[in-house]
Amino acid sequence: MSVESIITKIEQNKEIYVEFLRTLIQSDSVNPPGNEKNVALIIEEFLKDIGIKTEIFPFGNNRANLIAYLNKNFKGKNLLYNGHMDVVPPGSETDWKYPPFSALVKRKKIIYGRGSSDMKSGLAAMVIALKVLKELKFDLPGNLILNAVADEETGGKFGTGWCVDNPLKSIKCDFAVIGESTGLNPLPKAILVGEKGHLIIKITTHGISGHSSMPAMSKNAIYMMTEIIESLDKIDEYILKSDPPIKLKKLKNLLASTFPSEDIFNRILNEQPEIESLFQSLVSYSKALTMIKGGIKVNVIPDTCEALLDVRLLPGQQVDPIIEALKKLIRDVVGYLVKDDTNNPPGEIFVEVEIVTASEGSYWENWEESNELNDFFELVETIYEKKPFYLLLPASADAHYLRNDGYCPQTILFGPGKARTAHAIDENIEILDFIRAIKVYAIFAYKFLSKK
Ligand SMILES: [Zn+2]
């Protein structure tokens, strides 16, 4: 049986796979600056000896994206596996139990290191799945496409965004998996069918500087910002209410179905208030003022003050109405002039509203009707010996590049690792979780590509 041969192959080579993952973690690809090309070269080397051809697309300073194919045939169904090669900075290395790029293995069970969870384990598992299918020489009508990308941690424009517009453009995508960690311990594994959007807005107040001994003669830009901050919650009145893609009750039911009874589920909800916060974040947009800068000297009235507003959009919610609502609030409620898109400031005292970065959310509308997704779900249940559940991502990943604009709406996120350790000190991955993910990716690809 083919599935058994896949499992046997993976079991026999566990040590090699763990070493491959460790090499990926040890290759420092902190973004910025990135250095993802080093990771791409390790992947190329790993796949080379079995005759898998990889294409590396370099850009910038030692950065790159990579694409590899299981075979040369594009006549059947195409399955896309996508994983990012960059990682976030480790922070203060002395705060780590073990050096963040040592990929130290503890008790033969856990690997520590930056990127172990987010997401070099997911990426490694996808690369290995491709290798396993090639080694077993299956004659499959479909094709598996591996896409290792740069730049995810800083927005993905040069990574997945670029790949979709360039080498992937002519390749039809029938189903895509992004291998981000979707473990939510103590909850079961999640399969994510949507993600929120992310909008960062810079607000700048422009006042009039002067000597602080005569404050009445100037206009303090920090005070202006305070007025805006105090009114910020009123913005909700100017934003058209956006419906969440999955209603709260249904989200809860999706998770509840993994518990033996509703009583047990309700008890867990009570004991773990963060689960309720997670659900709340998935059914509404959110905003948080997270940075502020103003003033140059203690005896000078500041003439400018800058603040950054971090907005998380619901899938389907657009950027422009939020910007317009903020401008309207500043104009009508706070009472300041707002600079329009021309270069001319509207007066001496005014406020500027600018988009720093914007990515809209994404959602696979028809996920409930997909037999392939159902197969994936059942496979995860079998391999992980626990029923997974469908959920949305409260943050944003690269899925919007694949889902939006119609390239591949049928994109999911699923991968080894615990979302909570991602970006954190002492990030780690359980080897068992990693091995299980390899099995899920390899078996799913085998089954998906076998169908005509
Ligand atoms: Zn990630």
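**Helix H10, two sheets and two cores**

Let me begin with helix H10, which covers residues 319-334, has 16 residues and reaches 22 Å from its first C-alpha to its last, close to the 22 Å expected at 1.5 Å a residue. Please keep in mind throughout that what we are looking at is a predicted model.

Which residues of H10 are buried? They are Ile322, Leu326, Leu329 and Ile330, and here a general point about helices helps. An α-helix has 3.6 residues a turn, so residues three or four places apart point the same way. What covers these buried residues of H10 includes strand S9 (197-206), helix H6 (221-231), strand S13 (304-313) and strand S14 (350-359). Just after H10, if you follow the chain onward, you come to Gly335, which takes a positive phi of about 90 degrees.

Three of the strands I have just named, S9, S13 and S14, belong to an open sheet of four strands, whose order is S11-S13-S9-S14 and whose pairing is antiparallel. Strand S11 (286-294) and S14 stand at the edges, and because each has a single partner strand, one side of each is left without a neighbour in the sheet. Neighbouring strands here are turned by 20 degrees against each other on average, if we ignore direction. Within the sheet, S9 and S13 run antiparallel and are joined by 10 bridges, and in S13 it is Leu309 that serves as the bridge partner of Ile201. Helix H6 packs on this sheet, where it touches S9, S11 and S13, and its direction makes about 25 degrees with that of S13.

Let me now turn to another sheet, which is also open, with three strands in the order S4-S5-S18 and antiparallel pairing. Why is one side of S4 (105-106) and of S18 (428-430) left without a neighbour in the sheet? Both stand at the edges, each with a single partner strand, so that side has nothing beside it in the sheet. Strand S5, residues 110-112, is joined to S18 by three bridges, and Tyr112 stands opposite Asn428 in S18. Helix H13 (residues 431-450) packs on the sheet, touching S5 and S18, with its direction at about 65 degrees to that of S18.

Finally, the cores. The largest nonpolar core has 93 residues, of which Ala129, Leu130, Ile438, Tyr441, Ala442 and Ala445 touch the most other members. H13 gives the most to this core, with 14 residues. Leaving aside residues up to four places away in sequence, Ala442 touches Ile6, Ile10, Ala129, Val132 and Leu133. There is also a second, separate core of 20 residues, which includes Leu199, Ile203, Met225 and Leu313.

Technical notes:
Residues numbered from 1 in each chain as written. Predicted model: local features only at pLDDT ≥ 70, side-chain atom pairs only at ≥ 80, totals over all residues. Helix = DSSP H or I, 4+ residues; strand = E, 2+ residues; numbered from the N terminus. Expected span 1.5 Å × (residues − 1). Buried ≥ 20, exposed ≤ 12 C-beta atoms within 10 Å, placed from the backbone. Contact = placed C-beta atoms within 7 Å. Pairing = 2+ DSSP bridges. Axes fitted to C-alpha atoms, helices over the stretch in contact; angles between N-to-C directions. Core = buried A, V, L, I, M, F, W, Y, C linked by C-beta atoms within 7 Å.
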